[in-house]
Each structure stands twice: as C-alpha cells, then as structure tokens.
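Here are my comments on the model you sent round, set out as numbered points so that each can be checked against the coordinates.

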Amino acid sequence: MKKNYQRIAAGVLSLSMIFSLSACGSSTEPKTSEAPAANSDNGGAPTGDPIVIRIASSSPTVEFEGDGTTSLGISTNYFVNEIAKRTDGRITAQVFPDGQIASSTQEYIGGLQNGAFDIGILNCGSWGDYTSAFAGLNMPYLYLDYDEAYAVLDSEVGKSWQEKAEADTGCIILGWFDIGFRQLTCNNEVHTPDDLKGVKIRVMPDPIQTATWEALGCAVTPVAYSELYTALQQKMVDAQENPPSNIVSSKVYELQNYMVITNHNFTATIPAASPIFWNKLSAEDQQLIRDIMVEAQNKGREKTAELAEGFIKTVEDDAGTQIIRLTTDELKQFQDKAKSVWPMVEKQMGTEAYNQMIEFVEQYEAGQK
C-alpha cells in the first residue's frame, strides 16, 4: 500500500554576538533577561520593557561568525539582528554556542521547561525521549529533496508536529531551522551495510535513529554533540553522522578517514522558547518573535544546498579524508535495511498521523512528475 521509495535526495547540506564570547565559554558574565512586571490587560510583559533573550545552542562558535557560515548560523544571526532592529534595541538576543549553557537533551528540554534560558535550538532527532512529534523527520530515506522536505514542514502535517511537541513538552515551537541531509563519516571504507558491522557510531539520541543504525549493523554509543570531537579523538566511537555543515564546523572530519554520501535523513533543528519566558511576553512581542523566526527560517533555506556542497568540497580537499559516493546499487542496500524501521515510525506517530504524512509525500511527488 505504501510507496516503495527507491530514490533519494541529491542535495545535502555564527554570529557577531552582542558581547564577545570565547568558544570555551570563559567570557564575561552573560546578560540574562529580567522578569518584567505583568501587564494587567494581557497577562504579559508591557511592550516597552527591555528584554534580553538568551539562546542556547550546541553548534560551534564558528557557525555564527559574520552573517553566519552555515544555514543554522544564518538563520540565528538574522533573528538576532532583526529583533533588535525592529524594536529599536528594546529586545536583544545573545547566543551561547558550544553547549555553554546546555549540551545534553535533558539540559535543553529541562532548561526550557524551568526557564534556565529563553530559547533553545535543538536538533529534531534530540527530542525523541520527550515526544514522538518529530518521528516523521527522523524517518530514513523518506524525502527526495529539499523542496519536498520544506513542503512537508510548511504544511498542516508540519503544523501538527509542532502542536504535538508543545503539548508533550510545554516548549513553544517557533519554526524549522535547516541543516540539511545527513552523511556518514568513519575510519573504515564503507560501501554496503556489511561494512558497518560492529562499528561504534554516535547518532542523535532518538529511538528511530538508534534503530536505523542498529539495522545497518552498527553498535550505537550515546555521546553529546558537544563532546563528539573528544569521543572520536579518544576512540570512544569510530564513526558519526551529521549534515556536512556540522561535520565541517565541528571539524570531526579531521579525525575520520572517510565521508560516505548516504543522504539518509533530512534534518531540521528546532528553535523553541521556554514557556516561562514566553508567558512573560505581551501578545505583540510573541507575534513579532514568531514572525521573525519564520523569516529567519526561510533566509537559512536559501543557502542550505549551496553551502552543503561547499562543505563536502572542504572535506574532499582534506588530504586525510576520502569521499565515498555510493553507487545506485550500494545505496539501495542502505535504503532497504533502513526501511525496516518504518513500522517503528508508524507505531510512534500513530497510524492516522503516519498515513497523513505518507499521503502528503505521495501527493507532492505525484505533482512533481
């Protein structure tokens, strides 16, 4: 009944901060938001009160340099610049990269829930222990290209995922930041799933991601993204998978012999607000933040595919890392193995939501023919 997807996306895939931060977080004490007095009319903050938004990210500082060196960095910087510009400096934002104020999923979700910071940017695959809302994004080899993935995210399907995440976690989902299609890096030459048997790999802390790589023969080892470079350096893991932007910005390719173009997942990363922070805002400020976040999301999308190819070229130019581009037959072996977890996605999402997603994808693809 379901379409047998045998194609795959060809595409793959920070900040001049208000205060100078070092990559290790040893900079001056960051500003934090003061809780403004309540407004008796709307229960939120008076529109004129100054607000400083603390944004947590595990991405390296380099992603936020200049206008942003990755799609994520571009989107984040756009939000920071625009929120200050449109409020004449009344609302400002400061990014804490490198996992300075949150690194593990528990620290992100828990920190948002208890108001330790105001906005967290957390990969869709890292929400899995708290909500199944993004199970459809973690499904391997579903989306054919960027436009298809964006169409799903911007549809009622994507909206329903955001609503479920909010209901399950209490966090306010503000958009979809884009980091593109994911690739494998490893120390042994890989052409088929048989080459991955017993390889210790770090993947996102999501049950579907874990099951996918176990189906491909790997031994999955949990490691926080902020600790990935060290884990590879100390041989705690032999391999990892990430979009090209992350592979380059974190420099993990320097520790790996091969980068395999698998395109196994499209990845969005989710900017989400703390409900404690959110409920202190006026309705006007809430809407302004939402509007700018969507603009920021779209600004990043404009560059994702182009940047991804550039990052792959960066790895290719490194004398110590070889690019492996799988043949059609080799890639099909990965697809067939990985699709064994699709029923797990249906179980997590529920049959109705799963069918809604599959039907949307099928209709979209039919319209592209």
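1. In this predicted model, the start of helix α3 has a side-chain oxygen of D145 that reaches to within 3.3 Å of the backbone nitrogen of D147. D145 is also worth viewing together with A305, since the two residues are 160 residues apart in sequence while their C-alpha atoms are 9.8 Å apart in space. A305 itself has its place in helix α10, and because its relative accessibility is 35%, it counts as partly exposed.

2. Helix α3, which spans residues 146-153, is mostly covered, with seven of its eight residues buried. Those buried residues are Y146, E148, A149, Y150, A151, V152 and L153, and the elements against which they pack include the helices α4 (156-169), α9 (283-301), α10 (304-316) and α13 (351-368). Two strands, β5 (177-181) and β11 (266-273), also belong to the surroundings against which the buried residues of α3 pack.

3. R301 deserves a separate look, as this residue of helix α9 touches both Y150 and L153, two of the buried residues of α3. With neighbours up to four places away in sequence set aside, the other residues that R301 touches are S71, D154, W176 and D178. Is R301 buried or exposed? Its relative accessible area is 13%, and because the cut-off for buried is under 20%, R301 is classed as buried.

4. For the protein as a whole, the secondary structure comes to 13 helices and 12 strands, and buried residues make up 56% of the 369 residues. The accessible surface comes to about 14800 Å², and carbon and sulfur atoms account for 48% of that area.

5. The largest pocket holds about 380 Å³ of space. Its lining is made up of 25 residues, among which S58, N123, S126, R202 and Y225 lie nearest the centre of the pocket. The elements that contribute two or more residues to this lining are α2 (105-114) and β3 (119-123), and β3 gives the most, with three residues. By residue class, the lining of the largest pocket divides into 12 nonpolar, 11 polar and two charged residues.

6. The second largest pocket holds about 300 Å³ of space, and of the 15 residues that line it, K159, Q162, I173, W176 and V294 are the closest to its centre. Both α4 and α9 supply at least two residues of this lining, with the largest share, five residues, coming from α4. The lining of the second largest pocket divides into five nonpolar, four polar and six charged residues. W176, one of the residues closest to the centre of this pocket, is also one of the residues that R301 touches.

7. The largest cavity should be treated apart from the pockets, and its volume is about 40 Å³. It is lined by M139, P140, Y141, L142, Y143, F181, N263, H264, N265 and F266. In terms of residue class, this lining has seven nonpolar and three polar residues, and no charged ones.

8. N246 has its place in helix α7, which covers residues 244-249, and is buried, with a relative accessible area of 6%. Its side chain makes a polar contact of 3.1 Å with the side chain of N242. Apart from residues up to four places away in sequence, N246 touches E63, I179, Y225 and K251, and Y225 is among the residues that lie nearest the centre of the largest pocket.

9. H191 sits in the loop between β6 (183-186) and β7 (200-202), and because its relative accessibility is 26%, it counts as partly exposed. A polar contact of 2.9 Å joins its side chain to that of E189. Which residues does H191 contact once neighbours within four places in sequence are left aside? They are I324, L326, E330 and F334, and for I324, which is 133 residues from H191 along the chain, the separation between the two C-alpha atoms is 7.9 Å.

Notes: Residues numbered from 1 in each chain as written. Predicted model: local features only at pLDDT ≥ 70, side-chain atom pairs only at ≥ 80, totals over all residues. Heavy atoms only, no water. Helix = DSSP H or I, 4+ residues; strand = E, 2+ residues; numbered from the N terminus. Buried < 20%, exposed > 50% of the residue type's maximum accessible area, 1.4 Å probe, protein only. Areas by Shrake-Rupley, 256 points an atom, 1.4 Å probe, with all protein chains shown as cover. Contact = heavy atoms within 4.5 Å. Polar contact = N/O pair within 3.5 Å; in protein donor to acceptor, adjacent residues only side chain to side chain. 1 Å grid on protein atoms, 1.4 Å probe; cavity = no way out; pocket = protein on both sides within 12 Å on 5 of 7 lines; lining within 4 Å. Points joined across faces, edges and corners; volume = space filled by probe spheres on them. Nonpolar A, V, L, I, M, F, W, Y, C, P; charged D, E, K, R; others polar.
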